[in-house]
Amino acid sequence: MIAKNKSNSSNRWLLEHFQDKYVKEAKKNKIRSRSWFKLEEIDKNNKLFKPGMNVIDLGSAPGGWSQYAINKVGHKGSVVACDVLPMKKIVGVKFFQGDCRHKNILKLILNYLSHNTFNIIMSDMAPNITGCWSVDMPRVIEICKIALKMSTYLLSTHGVFLVKSFHGEGLNEFFKEIKMLFSKIKICKPKTSRSRSREIFILATR
């Protein structure tokens, strides 16, 4: 019975996914993922990107955010991306495959970036969601804190930090940590996020 219910749930998700207008639009316009539209909406509302900026994209695969960012910053800018999953090459994007929670991967990235400062650090990272939020939220917050730590090392004086999180236990405490480091903070819930999703995006500026 459990397996059957799980199968039915997966089938419903797949049906909804392929009927999603943003999934269809992404496929039509050769966009890597529907997450592209979330970043586009946040950018349009907050004017994040300018030509020539340097950007870090954490949790980048399959490349929707990197694709959007490199189009906005142009050839005079740069995008550095990282994910545990492989990502097909995007011109202008330097990609590291690995888990940035692991010290060796984090060290590799930091060494590569050691002489650069970045205008935007953005993270679309998330653990595999089980639906049991007492298990999921500590993993979510752990990943968010990794992104926040990288921002303390690499973000420029007036830089922007954008991180995906979820409503749940631990979010308020994490939000307080960000408030200690940034002067302006807001929570974004793009219309392109599925309405039932707990996901939010925290946008912070130094």
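What follows is a conversation about a predicted model, its sheet, its helices and a few single residues.

Student: Before I look at anything, what are the ground rules for reading this?

Tutor: This is a predicted model, in which local features need pLDDT of at least 70 and side-chain atom pairs count only at pLDDT 80 or more, while totals for chains, interfaces and linings use all residues. Residues are numbered from 1 along each chain as its sequence is written, and side-chain values use heavy atoms, with hydrogens and water left out.

Student: What is the average pLDDT of the chain?

Tutor: The chain averages a pLDDT of 87, with 88% of the residues at 70 or above; pLDDT is the predictor's confidence in each residue, from 0 to 100.

Student: Which elements have the lowest and the highest mean pLDDT?

Tutor: Helix H1 (residues 2-19) has the lowest mean among the elements, 49, and H4 has the highest, 97; helices (H or I, at least four residues) and strands (E, at least two) are DSSP runs, numbered from the N terminus. Over residues 1-6 the pLDDT is below 50, and beyond near neighbours in sequence this stretch has zero contacts in the model, a contact being heavy atoms within 4.5 Å. Where pLDDT is low, the predicted coordinates should not be read in detail.

Student: Now the sheet: in what order do the strands come?

Tutor: The sheet is open, with seven strands in the order E3-E2-E1-E4-E5-E7-E6 and mixed pairing, where two strands pair if DSSP finds at least two bridges between them. Strand E3 (93-97) and strand E6 (184-188) are at the edges with a single partner strand each, so one side of each has no neighbour in the sheet. On average, neighbouring strands of this sheet are turned by 15° against each other, direction ignored; axes are lines fitted to C-alpha atoms, for helices over the stretch in contact, and angles run from 0 to 180 degrees between N-to-C directions.

Student: How many bridges join E1 to E2?

Tutor: Five bridges join strand E1 (residues 54-58) to strand E2 (residues 78-83), and the two run parallel. Leu58 has Cys82 as its bridge partner in E2, and Val55 has Val79. On to E3, E2 is again joined by five bridges in a parallel run, with Val93 as the partner of Val79 in E3.

Student: Why is E2 called largely enclosed?

Tutor: Five of the six residues of E2 are buried, so the rest of the structure largely encloses this strand; buried means under 20% relative accessible area, exposed over 50%, and partly exposed in between (1.4 Å probe, protein chains only).

Student: Which helices pack on these strands?

Tutor: Helix H4 (residues 64-73) packs on the sheet and touches E1, E2, E3, strand E4 (118-123), strand E5 (155-166) and strand E7 (199-205), its direction making about 170° with that of E2. Helix H6 (residues 133-154) lies across E1, E4 and E5, at about 170° to E5.

Student: Switching topic, which residue does UniProt list as "active site"?

Tutor: The UniProt record, an unreviewed entry, lists Lys164; its positions are given in the numbering used here, feature names are shortened, and annotations may be inferred rather than shown by experiment. Lys164 sits in strand E5 and counts as buried at 10% relative accessibility. Leaving out residues up to four places away in sequence, Lys164 touches Ser123, Asp124, Met125, Ala126, Cys144, Glu199, Ile200 and Phe201.

Student: And where does it put "binding site"?

Tutor: The UniProt entry, unreviewed, gives Gly63, Trp65, Asp83, Asp99 and Asp124. Trp65 belongs to helix H4 and is buried, at 2% relative accessibility. Its contacts, not counting residues up to four places away in sequence, include Asp57, Ser123, Asp124 and Phe201.

Student: Which residues does the cis peptide bond join?

Tutor: The cis bond joins Ala61 and Pro62, with omega about 5°, and Pro62 lies in the loop between E1 and H4. Lys47 has a phi near 50°, a positive value in a residue other than glycine. Most residues other than glycine have a negative phi, and most peptide bonds are trans.

Student: Is Lys47 buried or exposed?

Tutor: Lys47 is exposed, with a relative accessible area of 67%, and is found in the loop between helix H3 (35-46) and E1.
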